[in-house]
Structure formats: C-alpha cells, structure tokens
Amino acid sequence: MLTRDVSVSTTRRDLAKTRPTSNPAAGTSVSPTLWRLPDFMSDSEQRTGYLETAPVARPLGGVEEDEPPGRPRRHPVWQDVPQDKWDDWHWQSQHAIRSVRQLRDLLPFTPDELEAMGRLEGEYKLAIPPYYFSLINPEDPADPIRLQSVTSPLEAENPSGFELEDPLEEDKDSPVPGLTHRYPDRALLVTTHVCTMYCRFCTRKRATMVRGGWDAINRNDRRMVEYVASHPEIRDVIVSGGDPLTLPHAKLKFFLDHLAAIPHVDVIRIGTRVPVTLPQKLYDPELIDLLASANKVWIQTHFNHPREITPEAARVCNRLLRAGMPVNNHIVLLKGVNDTLETMRNLCRALLRIKVRPYYLFHCDPVIGAGHFRTSVWKGLEIMEGLRGHMSGLGIPTYVVDSPHGGGKIPLMPNYLVSASDDAVVLRNFEGMLVRYQAEDKPNTVAQTKTRGVSSLLQGTQSAIVPQNNERMARRKLNVITNHEEHEHPNGNGCGNGSAPEATDLPEHVGANGNGNGHHKPLDPLLRELSEAPLS
Ligand code: SF4
C-alpha cells in the first residue's frame with residue numbers, strides 16, 4: 001500500500017495533466033484548492049484505510065465484459081479525467097469534494113449561503129465523490145442530488161423544535177457501544193462512522209460529526225460479535241454505520257466470518273449506500289467475493305431518487321445479485337427530493353428494472369440538522385395511495401415511521417377498511433371502489449332495513465359501489481362485447497349461450513362507455529348488478 005505522501009505527489013502530477021482552466025458549469029475559474037488532495041481528512045478516515053491509498057491504474061475488475069459500457073456523466077471539471085481513473089474508487093475518494101472552498105468553485109452560492117455553510121463545515125462532515133457530484137444539475141439550486149449531498153444553511157435550523165441528536169434512542173438500547181438490540185430477533189451493529197458520501201439527512205448525523213463522532217465504536221468489534229453470539233434469539237444482524245463497505249477488507253471479513261459462524265444468525269444485512277454514491281468500489285471482484293463468501297449476506301441499499309439509478313449503479317447491483325446476494329432498498333421520504341408521487345413511482349419502477357426490491361419507505365426522522373427535509377405523514381400516505389394498485393406489489397415499499405423513544409418501525413398505509421359488521425366488511429380498493437366482502441362462511445346476519453350507501457353493502461343489497469368513469473369497468477364492458485363478437489355462434493349459442501340478457505345501458509355512475517352499438521351484450525354479473533342498483 002502506498003503511503004499518503006506518495007499518493008499526494010501522484011495525484012497532483014496526474015491532475016496537472018487534466019486540470020481545466022475554467023469551470024464552464026459555474027462560469028468561474030477553478031480554484032487550485034479544488035485540485036488539492038483532501039489533506040483535511042480526519043485521522044480516523046485514514047485509519048480505516050478507506051482514503052489512504054493512492055490511485056493505481058487497474059483493469060475494470062468487476063465489470064463484466066459482456067455488459068455495455070455506461071456513458072458516465074461528468075461535471076465539466078472532470079471531463080478529461082481518463083476513464084481508468086474515473087472507474088477507480090481510490091481516485092474517486094481522493095477527489096471527493098470535502099470543503100466549502102471546493103464547492104464554491106463548482107456551484108453557484110450567495111455570499112450569505114457560503115458564510116452559513118462555512119460555519120457548518122466544522123460540525124457536519126462533507127464528502128461527495130466526483131461520480132455522485134456529477135449527477136447534480138449545477139443550474140438547479142433545488143436539484144434532488146444536490147439537496148442530499150451539499151451542505152445547506154438550513155442545517156443550522158431546527159424548524160419544528162422536536163429535532164434530536166438521537167431521535168430513535170439507539171444509544172439507550174445499546175448493551176454494547178455501537179450495538180443496538182431493539183427488536184427481539186434483530187441487532188444493529190454500527191461498525192464505522194465513515195461514509196463515501198455524507199447524506200445531509202442522515203439519522204446518525206451524530207455518528208458522523210466532525211468532532212464527537214463515534215470513534216469509540218472502532219474499539220468494540222469483538223464485544224459486539226460476542227453479544228450476538230451469546231443471544232440465541234438474534235437471527236438477523238444488520239451491519240451498518242456509517243457505511244460498512246468503507247471498512248478495510250480485513251475488518252469487514254472479521255465481522256462477516258464471525259457472524260456467519262454463529263449458528264443462530266440466519267441473515268446478515270449489509271446497510272450500504274456504496275452502490276448509489278460510489279459504485280466504483282464494487283467494481284472490485286475481491287469485495288464482491290468477500291461479501292458473497294459469508295453466504296448469509298443480504299444487501300440493503302439506499303436509492304432515494306430515480307436519477308441515482310445510473311448504468312454504473314445498475315451494473316454493481318447486478319453483480320451483487322449474480323453473486324447470490326438479494327438487494328433491497330430503503331427510501332427516505334425527503335422534502336424536495338422525492339416527495340411527489342411521480343418521482344416515487346419512477347424510483348420504484350426503476351428499482352424493479354434493476355431487480356432491487358423497494359423494501360421500506362421511511363418517514364424522515366427528526367434529526368438535528370435535517371429538519372428541513374421533513375414532510376407530513378399525509379404526504380407519505382398520499383404517495384402510498386398512488387402506488388398501491390397502480391404498480392406491481394413487488395415495487396411497493398412499506399411506509400414506516402420510526403417511533404420516538406425507541407418504539408421501532410410502525411407501518412402506515414391508507415385505510416382500506418371502510419366499515420364492518422358481524423359477518424362482512426366493506427373494503428375500498430385502489431380505484432375507490434367499495435366492495436362487500438363476506439368474511440365468514442355464514443348467512444348475512446344484518447337485519448334488512450331500508451338503507452343506501454356503504455350501509456347497503458353491509459346489508460348485502462348491493463355488493464359494490466364503483467366510482468364514476470371507472471376505466472376498468474369500461475374495459476370490462478368492452479371485453480364482454482369483443483369476446484361475444486369473436487365467439488358468437490351462428491345459432492346464437494356463443495359465449496353468452498344465447499340466453500344472456502340484453503345489456504342494459506349502465507348508469508353514468510358505473511362508467512358506462514356509451515358503446516351502444518346494437519350488438520347482443522352478455523353482461524358481466526357485476527356490471528348487471530351495478531346497472532340495476534339504485535344510485536348510492
Ligand atoms: S451513507 Fe448512510 S450512514 Fe452514511 S451519511 Fe448516508 S445515510 Fe448516513
């Protein structure tokens with residue numbers, strides 16, 4: 001391994017060849033500070049080995065030959081960096097944006113913003129690899145990638161007054177420093193406080209502070225593993241951080257080998273944003289092999305926006321999957337980043353395309369310094385309403401609020417149970433259709449009373465109430481007509497066996513499509529019932 005001094009000289013020499021004279025995106029000269037090695041890295045980051053190695057020209061390790069090469073997006077200042085360097089995670093890490101001085105040369109800021117950001121620099125770490133930075137649209141101050149990664153003056157504010165350093169009280173449920181044992185069969189291990197990119201909304205901002213971060217956890221590896229081994233009820237261990245894929249391989253191997261050897265541990269989950277923020281790290285086949293060798297590993301990654309799903313990210317997710325590791329995704333609901341139905345649908349669909357299962361949608365925790373990302377629970381429910389039924393269930397995450405006082409994850413969803421009687425329930429589907437569902441195999445016990453609306457469903461006088469202009473009902477009516485036309489037997493004994501009643505024109509409220517073309521139309525029983533039901 002090269003020493004840090006060597007890496008400095010190597011990098012400076014390399015950069016001298018590629019250094020642009022101006023930054024077209026920002027329209028300003030590029031400060032020489034941008035091209036300095038990050039000699040402001042913390043000691044602990046160097047100790048992890050994550051940042052200390054010099055860039056070395058190497059083949060594209062983990063990238064399959066048969067995969068089409070991605071077209072990497074690059075901020076103009078890195079346009080001329082040779083591809084082998086761009087694909088090298090060491091280079092990416094060593095050239096990460098780590099100071100406000102660097103930021104001001106790459107993005108436009110007001111003087112007030114720069115001053116506020118300068119004050120925050122001493123509190124919260126900053127690191128944005130060139131790869132991830134290049135996903136930012138420099139002209140959009142509200143760019144969703146920028147919001148997630150670039151220091152904001154809003155971090156100095158705590159808008160609700162309820163923000164806390166440790167809102168989930170993980171530390172109070174820690175029998176060993178760095179290990180949280182909250183749920184009966186699961187344990188969380190915080191194995192490092194180093195990340196490839198420091199997310200501005202992070203729940204564990206307290207762990208990744210410039211000062212007072214969690215250096216201490218580095219000294220409790222063995223105690224954490226021993227705790228898991230001595231608690232047979234623990235079946236599922238989440239190895240997290242920080243980002244555990246920033247650990248030196250030897251240390252990651254320590255955790256994987258020891259945890260995998262514990263008979264009662266069925267699942268080891270690796271919580272990592274590396275596929276999102278620095279996929280180049282997973283171009284290394286050794287790292288893939290190391291993860292796969294534990295044989296119990298699931299990857300839990302964290303895409304928050306569809307623009308993060310790049311060819312590079314897709315490629316490394318594919319490599320993880322092909323090595324036998326299921327990949328699940330957490331999304332955090334973030335104001336301005338993904339708090340619209342359209343963005344969330346696009347994200348979930350894009351995740352499915354790369355075979356990554358959208359697993360959780362977390363409501364953003366009330367963390368000091370991240371309050372400006374929080375949105376309402378109603379917003380989360382509105383998004384869930386627009387997902388369920390409108391896309392494959394495979395692509396729908398569970399929306400959860402992580403409860404204060406260590407109460408854990410509480411799932412929330414729109415209300416689909418509208419009413420209930422002794423033997424039936426009234427349910428609402430994604431279209432707003434209300435249906436009676438006979439819950440038990442026994443006769444209707446509700447006394448018949450003159451009634452209408454939802455109550456009439458409970459009584460069984462109707463079995464459904466369908467919203468106006470329901471596309472599905474219109475489609476169904478059309479299908480009946482089409483099928484009938486296709487299968488109609490010359491003697492009138494087609495699919496409707498010739499005895500089907502003439503279709504009654506559907507009332508407006510059941511979505512009649514006005515297709516009164518004069519053909520015989522055997523009517524779907526539900527359409528028939530709806531056409532005859534009194535308006536509710
Ligand atoms: S990668 Fe995870 S631990 Fe690190 S800053 Fe982002 S959310 Fe926090």
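Gly242 sits in the loop between β5 (236-240) and α10 (249-260); helices (H or I, at least four residues) and strands (E, at least two) are DSSP runs, numbered from the N terminus. The peptide bond running from Gly241 to Gly242 is cis, with omega near 20°. Most peptide bonds are trans. Keep in mind that this is a predicted model: local features need pLDDT of at least 70, side-chain atom pairs count only at pLDDT 80 or more, and totals for chains, interfaces and linings use all residues. Residues are numbered from 1 along each chain as its sequence is written.

**Two more backbone oddities**
- Asn295, in the loop between α12 (285-293) and β7, has a phi near 65°, a positive value in a residue other than glycine.
- Asn295 is exposed because just 11 other C-beta atoms lie within 10 Å; the cut-offs are 12 or fewer for exposed, 20 or more for buried, and partly exposed in between, with C-beta atoms placed from the backbone.
- His405 isn't a glycine either, yet its phi is positive at about 60°, and its place is the loop between β10 (398-403) and β11 (408-411).
- His405 counts as exposed too, with 9 C-beta neighbours inside 10 Å.

**Strand β7 and its partners**
- In β7 (residues 297-301) the side chains take turns: Val297, Ile299 and Thr301 point to one face and are buried, while Trp298 and Gln300 point to the other and are not.
- On one side, β7 runs parallel to β6 (residues 267-271), joined by four bridges; strands pair if DSSP finds at least two bridges between them.
- Gln300 in β7 stands opposite Gly271.
- Three bridges also link β7 to β8 (residues 327-333), again in parallel, and there Thr301 has Asn329 as its bridge partner.

**Nonpolar cores**
- The largest nonpolar core has 89 residues, and Leu189, Phe201 and Cys364 are among those with the most contacts inside it; a core is a set of buried Ala, Val, Leu, Ile, Met, Phe, Trp, Tyr and Cys residues joined through C-beta atoms within 7 Å.
- Helix α14 (residues 341-353) gives the most to this core, with five residues.
- Apart from it lies another core of 10 residues, including Ala424 and Leu530.

**Around the ligand**
- Ten residues surround the ligand, and Cys195, Tyr198, Cys199, Cys202 and Arg273 come nearest; the cut-off is a C-beta atom, placed from the backbone, within 6 Å.

**The whole chain**
- The chain has 18 helices and 15 strands, and 38% of its 536 residues are buried.
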